[in-house]
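User: I have the model open and would like to go through its packing. Short answers, please.

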Amino acid sequence: MPNTLDKNLMFEKIMPSSQRKTSAAEASKTPSQNESQTPSGPTEESLRSNVFARAEETDRHNAQSIVNIMELLVIRYMDDVLLRFNCCRCNRCKKDIAASALNSLPSKYMVAEAEQLEKAQEQEDKKKILEAIIRAVLVVRAHPRH
């Protein structure tokens, strides 16, 4: 078939540096490890690790991370709201509440160090976050998934 795409070739063209890393890693594997790999090419996990390797190295060097401020705040305030509303506090309900609250709030991602994250969290409107958590608690409490 002349119109088929060779995924490995495309990946090599897009990410030439990752091919060198993958080749070195494959050379160090035993033959049984090489055989367990799928015939279509490297696994998704190895691709992801190659693509994001530079970003992780930069993260460790700068001690910065990409964080959704709203997620941190929802997690911070959720336990207090659960106590007030006498809601189930199992992990599944907590995750459902957090997901529902986060879906109703705007995402606020930032790249920052720990000190900057604290300042950013203080600037967010606590009232809107609590309202979203309360609405989520009422929905999950009315229809728990367990």
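User: On the other side of helix H8 from its buried residues, which residues are exposed?
Analyst: This is a predicted model, in which local features need pLDDT of at least 70, side-chain atom pairs count only at pLDDT 80 or more, and totals for chains, interfaces and linings use all residues. Exposed means over 50% relative accessible area, buried under 20% and partly exposed in between, with a 1.4 Å probe and protein chains only. By that cut-off, the exposed residues on the other side of H8 are Glu 115, Lys 119, Glu 122 and Gln 123.

User: How are the buried residues of H8 arranged, seen down its axis?
Analyst: H8 covers residues 114-123, and its buried residues are Leu 117, Ala 120 and Gln 121. They fall within an arc of 100°, so they line one face of H8. The arc is taken from the directions from the helix axis to the C-beta atoms. The arrangement is thus one face of the helix.

User: What covers the buried residues of H8?
Analyst: Helices (H or I, at least four residues) and strands (E, at least two) are DSSP runs, numbered from the N terminus. Contact means heavy atoms within 4.5 Å. The cover includes strand E1 (65-68), helix H6 (69-84) and strand E2 (109-112).

User: Take Leu 117: which residues beyond its sequence neighbours is it in contact with?
Analyst: Leu 117 counts as buried because its relative accessibility is 11%. Its C-alpha is 8.4 Å from that of Val 67, 50 residues away in sequence. Leaving aside neighbours within four places, Leu 117 is in contact with Val 67, Ile 69, Met 110 and Ala 112.

User: How far apart in space are the C-alpha atoms of Ser 65 and Glu 113?
Analyst: Ser 65 sits in strand E1. Its relative accessibility is 30%, so it counts as partly exposed. Ser 65 and Glu 113 are 48 residues apart along the chain, yet the gap between their C-alpha atoms is 6.7 Å.

User: Now the helix pairs. What class does the angle between H7 and H9 fall in?
Analyst: H7 (residues 91-104) and H9 (residues 126-142) pack at about 130°, with axes 8 Å apart. Axes are lines fitted to C-alpha atoms, for helices over the stretch in contact, and angles run from 0 to 180 degrees between N-to-C directions. Under 35 degrees counts as roughly parallel, over 145 as roughly antiparallel, 65 to 115 as roughly perpendicular and the rest as oblique. The H7 angle therefore makes it, relative to H9, oblique.

User: Which residues of H9 does H7 meet?
Analyst: From H7, the residues are Cys 93, Asp 96, Ile 97, Ser 100, Ala 101 and Ser 104. In H9 they meet Ala 132, Ile 133, Arg 135, Ala 136, Val 137 and Val 140.

User: How do the residues of the contact of H7 with H9 divide by class?
Analyst: Ala, Val, Leu, Ile, Met, Phe, Trp, Tyr, Cys and Pro count as nonpolar, Asp, Glu, Lys and Arg as charged, and the others, Gly among them, as polar. The H7 and H9 contact divides into 8 nonpolar, 2 polar and 2 charged.

User: Asp 96 is in H7. Which residues is Asp 96 in contact with, neighbours within four places aside?
Analyst: Asp 96 counts as buried because its relative accessibility is 16%. Its contacts, with those neighbours left aside, are Val 140 and Arg 145.

User: How many nonpolar, polar and charged residues does the contact of H6 with H9 have?
Analyst: H6 and H9 pack at about 60°, with axes 9 Å apart. H6 gives Met 70, Leu 73, Val 74, Tyr 77, Met 78, Val 81 and Leu 82, and H9 gives Lys 126, Ile 129, Leu 130, Ile 133, Ile 134 and Val 137. By class, that contact has 12 nonpolar, no polar and 1 charged.

User: Near what value is phi of Asn 86?
Analyst: Residues are numbered from 1 along each chain as its sequence is written, and side-chain values use heavy atoms, with hydrogens and water left out. Asn 86 lies in the loop between H6 and H7. With a relative accessible area of 68%, Asn 86 is exposed. Its phi is positive, in a residue other than glycine, and near 45°.

User: What share of the chain's residues count as buried?
Analyst: The chain has 9 helices and 2 strands. It holds 146 residues, and the buried share is 23%.
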